[in-house]
Amino acid sequence: MLIYNTQTHRKEELKPIEDGKIRMYVCGPTVYDQIHIGNARTFLSFDVIRRYLQYKGYEVTFAQNLTDVDDKIINRANEEGRSAAEVAEEFSAAFIEQMHRFGIKDPDIRPRATHEIEAMQQMIQILIEKDHAYVAANGDVYFSVRSDAHYGVLSGRNLDQLRAGERVEVNEDKRDPFDFALWKAAKPGEPSWPSPWGDGRPGWHTECCAMIHRYLGTPIDIHGGGQDLVFPHHENETAQAMCAWDKALANVWMHTGMLRINGEKMSKSLGNFLTLKDVLDKYPADAVRLLMLQTHYRSALDFQTNQLESSVGTLERLKTCVKNLRWAAANAPQDGELNDADREFGKAVDAAREEFVAQMDDDFNTSGALAAVFTLVTAANKYLAEAGDDISTPVSLRGADTLTELADVLGIDLAAAEDELPHELVDLAAQYAGYQGDSAADAAEQLLAARQAARKAKDWGTADAIRDGITGLGLVLEDTAAGARLRRAN
């Protein structure tokens, strides 16, 4: 399996630190508002990466933090006249809710910054003792960037080529403009904790490094996040780890590409800012996943909102194919010797699985993996059309199971729930088929049998009356090679 490593700028073979196990950390949100779909794209990408690693048999320990103390949280709290803790709690819950709606699996470990103050202070103290950090006159504690001879190893940045103030805040309390805060001295009205250097709170770059070391150890196998985190956030994280513990923070760094809306940068000022909640309130989560996964995780994603309707249709096509395969298998008149159509479809099933794995093994290429799924759907529809009454139950079921399995690796559920039939079918079946029970499903079978009998007897009036009664209940009557069936109209 090959993975692109941001630090080395090339694909590398995955070599777990411990055989059969992967320790993985992805930077979580700052919980001051609903997350936008750019955030969601990153979390989706790493959800699929995690799922595929598990599919390949790895035991994955997945950690993701919640940044629940930060300037943005404090500013919103002050604007709304409530505490920072109240804001953080509201949007922590909102984030978790939207992740569940989007089909994102919960992390195994979800540390919150405010619960990890002691671990951060321990790391800061080590850095101070090793002369990689210092306490400023104003009570802040800063990391001395130039004390790290390897600074820039992740992003490739050369500090001497960057102009002070261009990407960093100029601060007279710092020894160097590029130094960054590990601990911020308390200010009136802000949350704070006691420390050896005075009351204060942690800097943003501090928390992940300390939490990774506490819960996963260093180095870990994979550290991930959005492309915008490479510098300075992840650069600062790995610098702290190297200077505190003389170990790299991660063996592989992975980053997702940026997201644009209809060809433009997402921005509230442009009126194209979309939260994940906005999108999931209008479209099925699996359709949104399907649209996003058609672009490789490292590539920029142009999120075309007008393609969401098309994605809904594509999702329905996938579900219908699985449903048709299972229906054909359940109603096949024979399970005898395989014919040419069965053998060809069996080969298509095997080829799709092999191609899916090959694409995902190549840096988690979900675009290529989905292409393999779509190719199998085309082969399945051809098989169903050509095989007619000679469908092989085992082959048809294997096709349905494979489609469901591969889609599940991508977090897409093709096991559609059975359509609930209206109880009015009981009265209709009593009228035309003499049915005396109370089951809508049994009534449907009786009606379909009565219609078939009427058609064989060329009693077209009765056959048409049964059909019209069925469609009048909001159902679709489908005549297939394996027999007639009912479903809810879309």
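In this predicted model, helix 11 and helix 12 (residues 393-409) make a good place to begin: their axes come within 11 Å and cross at roughly 160°. Helix 11 and helix 12 are therefore roughly antiparallel to each other, since angles over 145 degrees are counted that way. The crossing of these two helices, helix 11 and helix 12, is left-handed.

Which residues bring helix 11 and helix 12 together? On the helix 11 side you will find V373, L376, V377 and Y383, and they meet V395, S396, T402, L403 and L406 of helix 12. Sorted by class, the contact of helix 11 with helix 12 has seven nonpolar residues, two polar ones and no charged ones.

**A second pair of helices**

Now turn to helix 4 (residues 117-129) and helix 6 (residues 230-245), whose axes come within 9 Å and cross at roughly 65°. That angle makes helix 4 roughly perpendicular to helix 6, because the range for this description runs from 65 to 115 degrees. Helix 4 passes helix 6 in a left-handed crossing. Helix 4 contributes M123, I126 and L127 to the contact, while helix 6 contributes Q240, C243, A244 and W245. By class, the residues where helix 4 touches helix 6 are six nonpolar and one polar, with no charged residue.

Here are the two helix pairs in one table.

| Helix pair | Axes come within | Crossing angle |
|---|---|---|
| helix 11 and helix 12 | 11 Å | roughly 160° |
| helix 4 and helix 6 | 9 Å | roughly 65° |

**Aromatic rings**

The count of aromatic pairs comes to seven. One of these is formed by Y52 and F364, an edge-to-face pair with 6.2 Å from centre to centre and 85° between the planes. This pair links distant parts of the chain: Y52 belongs to helix 1 (residues 37-55), F364 sits in the loop between helix 10 (340-361) and helix 11 (366-387), and 312 residues separate them. Are these two rings buried or exposed? Y52 has a relative accessible area of 0%, so Y52 counts as buried. F364 is buried too, with a relative accessible area of 1%.

Another aromatic pair is made by F345 and Y383, and this one is stacked, at 4.6 Å centre to centre with 10° between the planes. F345 in helix 10 and Y383 in helix 11 are 38 residues apart, and their pair also links distant parts of the chain. Both F345 and Y383 are buried. You have already met Y383, as one of the helix 11 residues that meet helix 12.

Going back to the first pair, Y52 and F364 join Y55 in one aromatic cluster.

**The loop between helix 10 and helix 11**

F364 has another feature to look at: a positive phi of about 55°, although F364 is not a glycine. In the loop between helix 10 and helix 11 you can also find D363. With a relative accessible area of 0%, D363 is buried. What does D363 touch, once its neighbours within four places in sequence are left aside? The residues in contact with D363 are L2, I3, Y4, K11, M254, H296, Y297 and R298. Of these, Y297 is 66 residues from D363 in sequence, and their C-alpha atoms are 9.0 Å apart in space.

**Backbone details elsewhere**

D246 has a positive phi of about 60° and, like F364, is not a glycine. D246 lies in the loop between helix 6 and strand 10 (250-256). Its setting can be read from its accessibility: at 59%, D246 counts as exposed, whereas F364 is buried.

Where are cis peptide bonds to be found? One joins T218 and P219, with omega of about -5°. P219 lies in the loop between helix 5 (204-215) and strand 9 (220-226). Another cis bond runs from F231 to P232, with omega near 5°. The place of P232 is in helix 6, the helix that also packs against helix 4 through residues including Q240 and W245.

**The whole protein**

Stepping back, the protein has 15 helices and 15 strands. Its C-alpha trace spans about 100 × 50 × 35 Å along the principal axes. Of the 490 residues in the protein, 50% are buried. Among contacts with a separation of 6 or more, 74% are between residues 24 or more positions apart. The pair of Y52 and F364 is an example of a link between distant parts of the chain.

Terms used. Residues are numbered from 1 along each chain as its sequence is written. This is a predicted model: local features need pLDDT of at least 70, side-chain atom pairs count only at pLDDT 80 or more; totals for chains, interfaces and linings use all residues. Side-chain values use heavy atoms; hydrogens and water are left out. Axes are lines fitted to C-alpha atoms, for helices over the stretch in contact, and angles run from 0 to 180 degrees between N-to-C directions. Helices (H or I, at least four residues) and strands (E, at least two) are DSSP runs, numbered from the N terminus. Angles under 35 degrees count as roughly parallel, over 145 as roughly antiparallel, 65 to 115 as roughly perpendicular and the rest as oblique. A crossing is left-handed if the near helix is turned anticlockwise from the far one by less than a right angle, and right-handed if clockwise. Contact means heavy atoms within 4.5 Å. Ala, Val, Leu, Ile, Met, Phe, Trp, Tyr, Cys and Pro count as nonpolar, Asp, Glu, Lys and Arg as charged, and the others, Gly among them, as polar. Rings of Phe, Tyr and Trp (its six-membered ring) pair if their centres lie within 6.5 Å; planes under 30 degrees apart count as stacked, over 60 as edge-to-face and the rest as tilted. Buried means under 20% relative accessible area, exposed over 50%, partly exposed in between (1.4 Å probe, protein chains only).
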